[in-house]
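Trainee: I have a structure in front of me and would like to learn how to read it. Where should I begin?

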Amino acid sequence: MTMMIEDVVKTLDGKLVAGADTGRAVGAVVANDLMSDVLLDDSDDILLLTSLASDQVIRTANIIGAMGVVVHNGKPLPEAMCQAANNFGIPLVSTPLAKYQSCVRIHEFLSRE
Amino acid sequence: MNDYQPTILPADAGQKDDDIMAAHSLTGTKESPLVILEMLQRLRVRDVMKADGVVSVVRSDTLHFAQNLMKRNSISGVPVLEEGRLFGIVSVNIIIKALEGGYIQDPCHKHMSTSLVFLEEGMPLALAIKYFQNYTFGRFPVLDKDRKFVGIVSQRDIMRAILKELAEELARYEGKKPAAATVPFGEVSTSAYTMQQYPVVHNDLQNAGRAANEIKRLLAGAGVDKKIVRRIAVAAYELEINIAIHSVGGTLTFILDGQKVTIIARDRGPGIADIEWALRDGTSTANDWVRSMGFGAGMGLANSKRVSDKFEIKSVVPSGTTVLCEFNLKKD
Amino acid sequence: MLLTELAEKIGGTIVVDNPSANITAAYTSDLLSDVMGHCGEESALITIQNHLNAIAVATLVGNEAIVLCHSRPVPDDMKAAATREGIALVTTPLSQFAASVALQELNPSQK
């Protein structure tokens, strides 16, 4: 099933903290905290699942043209990160879930008919 | 709706997003005459000489053969070289005399000029320029400290190197002026030329990545194909992070020239002793602090090579590393 | 879940065995500080960190197994430390996302 950023927010019991819906659907899911690794993935419209809360994550997401970023464990988000997300127009979602749970739930959503 | 409330930390005082880049553009500016003097002292003959593909003859070649070589390559002199040893130079004047005297079929060693003036590769450019002023030669052979031939340098090579360095300095002065950002990118816009240079500060992971994002913005604004923009941005980002993590500091230079984009990452040390090793996936000397920031997985160089159409790396311990990545904007 | 079962689900290779491991939960992270803060005992740690320090952290939080994604090579010192600490090490060609999904039955909310 097509997953938009609002579906991501709902599925992960999260909140959209910054950035706005860009109308792009999840094309691929990358769960990674190493930004150098994230840069290796050539997929389009990546939803980036991470435990790292810094504006560097948003810069990385912008470089690869990610459709959204999710930060886990309710980790406090630096304001600079939110600002960067607003500047680049990248939806930034915060969820209380652990990344493992997010993976499972997102896959479950995407697998729906 | 759920009742989950995300936490947002207030920004640190003085960490205004846009100011940081602007402040960086101002660091390291100098008085302009000093810039040129410093440049002439800093640049060495080896930095500007032609080292690869130098056209040469051997002693037994005929002057006629040398004449043809010079004609074909539009050069005014050719070194007589055997196994790295320089025996002499055959210049246009020698060829003219040979044609007049009717001995153009003679071997080079009979008439070549052997009272040679040469430059050493480690000489500063300032000294090389004095040589050009004091002698009438159009070019000088360059020897290393063991008197082996390593290249040739002409006035044109020096002029080109100085202009290139000056352009980089100028780009740095101008900082992030957006003037060139909106250069339209039509099929025929071969005159589109933009150059930006960004300083990258050691261990400043807070700001590393800004230059790459700025480059991405410039390219997207110029209407470059999205996939190519992403490849260029990835390379720029990897190289920028690399300078911040591994070097004492340096610059990231972005050149948009017609249908080609070049990213040059240059740092001031400490250099890479084993480039093959550094290019391997998963190779890293990053410390735990860097890793905790999500970097230092050791794929930066390999990844920037992967996305580039052309990749070159040169490194000297301890003076520094230069990486060049080229991208063709034209899809073929 | 036994180690052999886990390895099978992710198409993995057991690099360091631990036949007594009983994996009841999983945690996905590449930040060792994050693992220390949130990961519970008896978990499999799904990560890309092929670094000696991952074993140190796994020992601290009480992990039984580490799943190394993207077929990341295991350095000798990491292998030796895992063997010494009795922590199983499995490599898989899957990404962290795909490996997490393949091991979804460890998800507490699915039980």
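**Reading the cores and contacts**

Mentor: Begin with the nonpolar cores. In soluble globular proteins, nonpolar side chains tend to be buried together. This is a predicted model. Its largest nonpolar core has 122 residues. Those with the most contacts inside this core are A:V69, B:I232, B:A236, B:L252, B:I263, C:A65 and C:V67.

Trainee: Which element gives the most to this core?

Mentor: Helix α9(B) does, with twelve residues.

Trainee: Take B:I232. Which residues is B:I232 in contact with, leaving aside its neighbours within four places in sequence?

Mentor: There are B:I215, B:L219 and B:V261. Add B:I263 and B:F327.

Trainee: What does the second, separate core include?

Mentor: That core has 13 residues. Among them are B:V45, B:L86, B:L119 and B:A128.

Trainee: Now chain B as a whole. How many helices and strands does chain B have?

Mentor: Chain B has twelve helices and eleven strands. Its length is 332 residues, and 33% of them count as buried. Next, look at sequence separation. Take the contacts in chain B with a separation of 6 or more. Residues 24 or more positions apart account for 63% of those contacts.

Trainee: How do I describe two packed helices?

Mentor: Use the angle between their axes and the distance between the axes. Try α9 (residues 226–246) and α12 (residues 300–307) of chain B. Their axes come within 9 Å and cross at roughly 155°.

Trainee: Why is α9(B) called roughly antiparallel to α12(B)?

Mentor: Because angles over 145 degrees count as roughly antiparallel, the crossing angle makes α9(B) roughly antiparallel to α12(B). The crossing is left-handed.

Trainee: Which residues make the contact?

Mentor: From α9(B) come B:R231, B:V234, B:A235, B:E238, B:L239, B:I241 and B:N242. From α12(B) come B:G300, B:L301, B:N303, B:S304 and B:V307. Sort the residues of this contact by type, and you get six nonpolar, four polar and two charged.

Trainee: Chains touch as well. How many residues does the contact take from chain C and from chain A?

Mentor: The contact takes 17 residues from chain C and 17 residues from chain A. On the side of chain C that touches chain A, three elements give two or more residues: β2 (25–28), α2 (32–38) and α5 (96–102). The largest share, four residues, comes from α5(C).

Trainee: How do the residues of that side of chain C divide?

Mentor: Into seven nonpolar, eight polar and two charged.

Definitions and conventions. Residues numbered from 1 in each chain as written. Chains lettered and ligands numbered in written order. Predicted model: local features only at pLDDT ≥ 70, side-chain atom pairs only at ≥ 80, totals over all residues. Buried ≥ 20, exposed ≤ 12 C-beta atoms within 10 Å, placed from the backbone. Contact = placed C-beta atoms within 7 Å. Nonpolar A, V, L, I, M, F, W, Y, C, P; charged D, E, K, R; others polar. Axes fitted to C-alpha atoms, helices over the stretch in contact; angles between N-to-C directions. Parallel < 35°, antiparallel > 145°, perpendicular 65-115°, else oblique. Left-handed = near helix turned anticlockwise from the far one by under 90°. Core = buried A, V, L, I, M, F, W, Y, C linked by C-beta atoms within 7 Å.
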